Amino acid sequence: MEPKVAELKQKIEDMLCPFGFEVYPFQVAWYNELLPPAFHLLLPGPTLAFLVLSTPAMFDQALKPFLQSCHLRMLTDPVDQCVAYHLGRVRESLPELQIEVIADYEVHPNRRPKILAQTAAHVAGAAYYYQRQDVEADPWGSQHISGVCIHPRFGGWFAIRGVVLLPGIEVPDLPPRKPHDCVPTRAARIALLEGFNFHWRDWTYRDAVTPQERYSEEQKAYFSTPPAQRLALLGLVQPSEKPSSPSPDFPFTTHTPKKPGKPSRARSWLSPRVSPPASPGP
């Protein structure tokens, strides 16, 4: 790895890895080469970028502390805002550089994704993106089959959070890093893609490889809850409360905070000392 890339990677890792994130460098050209022009990143091919993903540890190491220190403005998506906070810290820590952050959920006005996160993870060598085309003589006929990334250490127990682009920094000699093909057989790939497309609620596709770590029951309960109900699950807002107007200095939808009183049972669930509810069954 080039010294410049290694130095930047180390700085970004120092900001993110203690909070349950991983960072992988790639060239914009590697990403653009796999996609039609409509999805290209409009930067020179050798431009340096970093993919950021979260591991199971992020829930305890980043999300819980973020929620406990940020009671005031009730957010529509706590995880997205937590990730935005940590990626914002990366930008602030490197003021001498031009940095663009694209979160995995961002879209253009026409609803086209700004980044195809799984493609970025594949070209960065972070996780192998298994698609229908990876199964010889597939059995699905006219059915639509979506692809899924598998991490060599965490299986499916991780999430791609976005990319950090560094316009003006070009690394033409950065060596490509191929993702590890950890689901190499046809039968295993069929089982993976069918599990992801047809049985994703039972979590089993995530065990396509034996993971080093899985989501806790607490995380599983959280991510199994519809997004609109997650604030109530965490005790941050009552289910009947409606969003208030966004604060002028905070560009996210906010919610009316609850009046002071006894801490809710759901709120105490943020403490690792409290047993979480069991996750939903298959």
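Okay, hi everyone: if you search this whole structure, you find 10 salt bridges. By salt bridge I mean a side-chain nitrogen of Lys or Arg within 4 Å of a carboxyl oxygen of Asp or Glu.

Before I go on, a word on what we have here. This is a predicted model, so local features need pLDDT of at least 70 and side-chain atom pairs count only at pLDDT 80 or more, while totals for chains, interfaces and linings use all residues. Residues are numbered from 1 along each chain as its sequence is written, and side-chain values use heavy atoms, with hydrogens and water left out.

Let's begin with helix H1, residues 3-16, which is where isoleucine 12 sits. Helices here are DSSP runs of H or I with at least four residues, strands are runs of E with at least two, and both are numbered from the N terminus. So is isoleucine 12 buried or exposed? It counts as buried, because its relative accessibility is 1%. The cut-offs are these: buried is under 20% relative accessible area, exposed is over 50%, and partly exposed is in between, using a 1.4 Å probe and protein chains only.

What does isoleucine 12 touch, once we skip its neighbours within four places in sequence? The answer is Val23, Phe50, Val90 and Leu94, where contact means heavy atoms within 4.5 Å. Also, look at arginine 89: it is 77 residues from isoleucine 12 in sequence, yet the C-alpha atoms of the two are 9.5 Å apart in space.

One residue along, glutamate 13 makes a salt bridge with lysine 9, and their closest N and O atoms are 2.4 Å apart. Both belong to H1 and are 4 residues apart, which is about one turn of the helix. Glutamate 13 and lysine 9 are both buried.

Now compare that with glutamate 22, whose side chain meets the one of arginine 153 in a salt bridge at 2.2 Å, N to O. Glutamate 22 is in strand S1, residues 21-27, and arginine 153 is in the loop between strand S5 (148-150) and strand S6 (159-170), so this pair ties together parts that are 131 residues apart in sequence. Glutamate 22 is buried, with a relative accessible area of 12%, while arginine 153 is partly exposed at 33%. Leaving out neighbours within four places in sequence, the contacts of glutamate 22 include Leu51, Val52, His151 and Phe154, along with Arg153.

Let's stay with S1 for a minute. Why can we call S1 largely enclosed by the rest of the structure? Because 7 of the 7 residues of S1 are buried. Phe21, Val23, Pro25 and Gln27 point one way from the strand, whereas Glu22, Tyr24 and Phe26 point the other way. Next door is strand S2, residues 47-54, which runs antiparallel to S1 and is joined to it by 7 bridges; for two strands to pair, DSSP has to find at least two bridges between them. If you want one spot to click on, glutamine 27 stands opposite leucine 48 in S2.

Next up, helix H7, residues 217-224. Its buried residues are Glu218, Gln219, Lys220, Ala221 and Tyr222, and the buried residues of H7 pack against helix H3 (58-69), helix H4 (78-93) and helix H8 (230-233). Glutamate 218 also forms a salt bridge with lysine 64, with the closest N and O atoms 2.7 Å apart. Glutamate 218 is in H7 and lysine 64 in H3, so the pair ties together parts that are 154 residues apart in sequence. Both glutamate 218 and lysine 64 are buried. Add Asp60, and you have Asp60, Lys64 and Glu218 linked in a network of salt bridges.

And how do H3 and H4 sit relative to each other? Their axes come within 10 Å and cross at roughly 95 degrees. The axes are lines fitted to C-alpha atoms, for helices over the stretch in contact, with angles running from 0 to 180 degrees between N-to-C directions. H3 and H4 are therefore roughly perpendicular: under 35 degrees would count as roughly parallel, over 145 as roughly antiparallel, 65 to 115 as roughly perpendicular, and the rest as oblique. Among the residues making that contact are Met58 and Phe66 of H3 and Cys82 and Tyr85 of H4.

Last thing: arginine 111 has a positive phi of about 75 degrees, although it is not a glycine. Arginine 111 counts as exposed, at 63% relative accessibility.
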